[in-house]
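I opened this structure to see how its parts fit together. These are my notes, in the order I looked things up.

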Amino acid sequence: MPDPPKRGTALRQRLAELRGPDVPAQPLDARALAALAANPGCQRRALLDGAGVDKATLAQSLGSPASFGQSQFAFMRGNAFEAKVKADGGAELLRLVHGRLGGGPEPVPGESSVPDLSAVGPEGRAARTSLALREATTTQGWTLLDHPMLALDVAGTPAFLEPDAVVVHPDGTWTVVEIKSFPMLDGSADAAKVGAAARQAAVYALALEEVAARLDPAPPVRHHVLLVCPKDFSNSPTASAIDVRKQLSVTRRQLARLTRIEDIAAALPEGTTFDVTRPAADLTAAVESVPATYAPECLAACELAFHCRERAREQDAVTALGRAVRGELGGLTTVTAVLSAANGTTGDPSDPAVAALRRAAALRQEALAGADTPGEHTGAAPC
């Protein structure tokens, strides 16, 4: 009797079945992980990302295509800027790292190490990266790892992540480098874009900490990452050190809370598949078989957001109004229940949420009554 497949092998086979026959897995990148950590209650995204399902193609097949993404022009501009930053063995990049973060004597152009990280497959590249980091930590010199490969366990399945760069300082510390094409104007950049970059860099730092933990002694991973952007309206690079300790803490906690992917997959109906060649009705049923937690923030982070928003509205769910509103409403989970409680039709008056809704409704009525009183809003004297 043949031996049963090992746990990891069985999970990979199950995830491959969910993708569909001969469908390659989409890599789970840091941007997706940051979005996943921001919404850990969404089992649908956790399963689809863990299985490597192409969510953009799936959304198209469901009739709710995503409307966000990076333009080809922006992609080319970003690649050109990154190549400029890393030219000449990363001399300019290492100068910026030293200037913002220190960690040893000033790097001398041409004397820094840029190891070859090429290998077969993501597992091979991750192993080669770990070896290069170990070797670089003992050299007491500057080392630039260009597009290293890091592995991070996410809900029981490995995710392979590729930061723009990792720098090993002469003092043995490690720094994550994020290179973005949006500008820094007078030393500052768009707060929303910087926040997104910080969350993404925190995922890389978390994966880098796992590599460091396997070494003895474990090298320190710096909690300040280097964000490199074009200066003002030029193509010259400038940089800022971003403290990601808060993002690291949140990401670590949220990823730890994720339901294990194998548990989600085990609860699916027999024969469930997200193969985009299936009819739309079958795909819709498959997607709906996995619980989702929709919030308006998903519109900027998930390809299935329009589909999930439509379902949330059909179900009258208050989650469509945002997490902050949902958190204030307690046990009221539908918009109908909220309106009924506000109008005094249902709800326990001793419930703080119900009491607040009725007070808000009374204030609204007073405001509307005042607005309808002749002369009050115009300041005209009564006749």
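The entries go from the whole chain to single residues.

**Entry 1: the whole chain**

I noted first that this is a predicted model. I counted the elements and found 15 helices and 7 strands in the chain. I then looked up the extent: the C-alpha atoms fill a box of roughly 85 × 75 × 40 Å, taken along the principal axes. The chain has 383 residues, and 42% of them count as buried. I also looked at the contacts in the chain with a separation of 6 or more, and residues 24 or more positions apart account for 64% of these.

**Entry 2: the open sheet**

In what order do the strands of the open sheet run? I read the order as β1-β4-β5-β6-β7, which makes 5 strands with mixed pairing. At the edges I found β1 (143-146) and β7 (237-243), each of which pairs on one side only. From one strand to the next the twist averages 25°.

I took the pairs one at a time. Strand β5 (residues 174-179) is joined to strand β6 (residues 224-230) in the parallel sense, over 3 bridges. Here E178 stands opposite L227 in β6. The pairing of β6 with β7 is antiparallel and has 7 bridges. In this pair V225 stands opposite I242 in β7. β6 and β7 also form a hairpin, with 6 residues between them. I checked the turn and found that D232 has a positive phi of about 50°.

Which helix did I find across these strands? It is α8, which lies across β4 (165-168), β5, β6 and β7. I noted its direction as well: α8 runs at about 150° to β5.

**Entry 3: β2 and β3**

I turned next to the pair β2 and β3, which is antiparallel over 5 bridges. D153 stands opposite P158 in β3. I followed the side chains along β3 and saw that they alternate. T157, A159 and L161 point to one face and are buried, whereas P158 and F160 point to the other and are not.

**Entry 4: helix α2**

Is helix α2 mostly covered or mostly open? I found 7 of the 9 residues of α2 (residues 30-38) buried, so I noted this helix as mostly covered, with buried meaning under 20% relative accessible area. The buried residues are A30, A32, L33, A34, A35, L36 and A37. I looked up what lies over them, and the cover includes the helices α3 (43-51), α8 (191-213) and α9 (245-257). The strands β2 (150-154) and β3 (157-161) are also part of this cover.

**Entry 5: the second largest pocket**

I looked up the second largest pocket, which holds about 410 Å³ of space. Its lining is made of 18 residues. Of these, A25, G50, T157, P158 and F160 lie nearest the centre of the pocket. The elements that give two or more residues to the lining are α1 (7-19), α3, α7 (121-137) and β3. By type, I noted 10 nonpolar, 4 polar and 4 charged residues in the lining.

**Entry 6: three single residues**

I placed T319 in the loop between α12 (305-314) and α13 (323-328). T319 has a relative accessible area of 24% and is partly exposed. Leaving out residues up to four places away in sequence, I found that T319 touches Y294, A295, P296, A312 and R326. The C-alpha atoms of T319 and A295 are separated by 5.8 Å, with their positions 24 residues apart along the chain counted as their distance apart.

I found E17 in helix α1. Why does E17 count as partly exposed? Its relative accessible area is 48%, and partly exposed residues lie between 20% and 50%, so E17 falls in that class. E17 and T273 are 256 residues apart along the chain, and their C-alpha atoms are separated by 6.7 Å.

I ended with D88, in helix α6 (residues 87-101). Its relative accessibility is 70%; exposed means over 50%, so D88 counts as exposed. D88 and A59 are 29 residues apart along the chain, and 42 Å separates their C-alpha atoms.

Key. Residues are numbered from 1 along each chain as its sequence is written. This is a predicted model: local features need pLDDT of at least 70, side-chain atom pairs count only at pLDDT 80 or more; totals for chains, interfaces and linings use all residues. Side-chain values use heavy atoms; hydrogens and water are left out. Buried means under 20% relative accessible area, exposed over 50%, partly exposed in between (1.4 Å probe, protein chains only). Helices (H or I, at least four residues) and strands (E, at least two) are DSSP runs, numbered from the N terminus. Contact means heavy atoms within 4.5 Å. On a 1 Å grid over the protein atoms alone, a cavity is a set of points where a 1.4 Å probe fits but cannot get out, and a pocket is an open set with protein on both sides within 12 Å along at least five of seven lines; lining residues have an atom within 4 Å of a point. Grid points are joined across faces, edges and corners, and a volume is the space filled by probe spheres set on the points. Ala, Val, Leu, Ile, Met, Phe, Trp, Tyr, Cys and Pro count as nonpolar, Asp, Glu, Lys and Arg as charged, and the others, Gly among them, as polar. Two strands pair if DSSP finds at least two bridges between them. Axes are lines fitted to C-alpha atoms, for helices over the stretch in contact, and angles run from 0 to 180 degrees between N-to-C directions.
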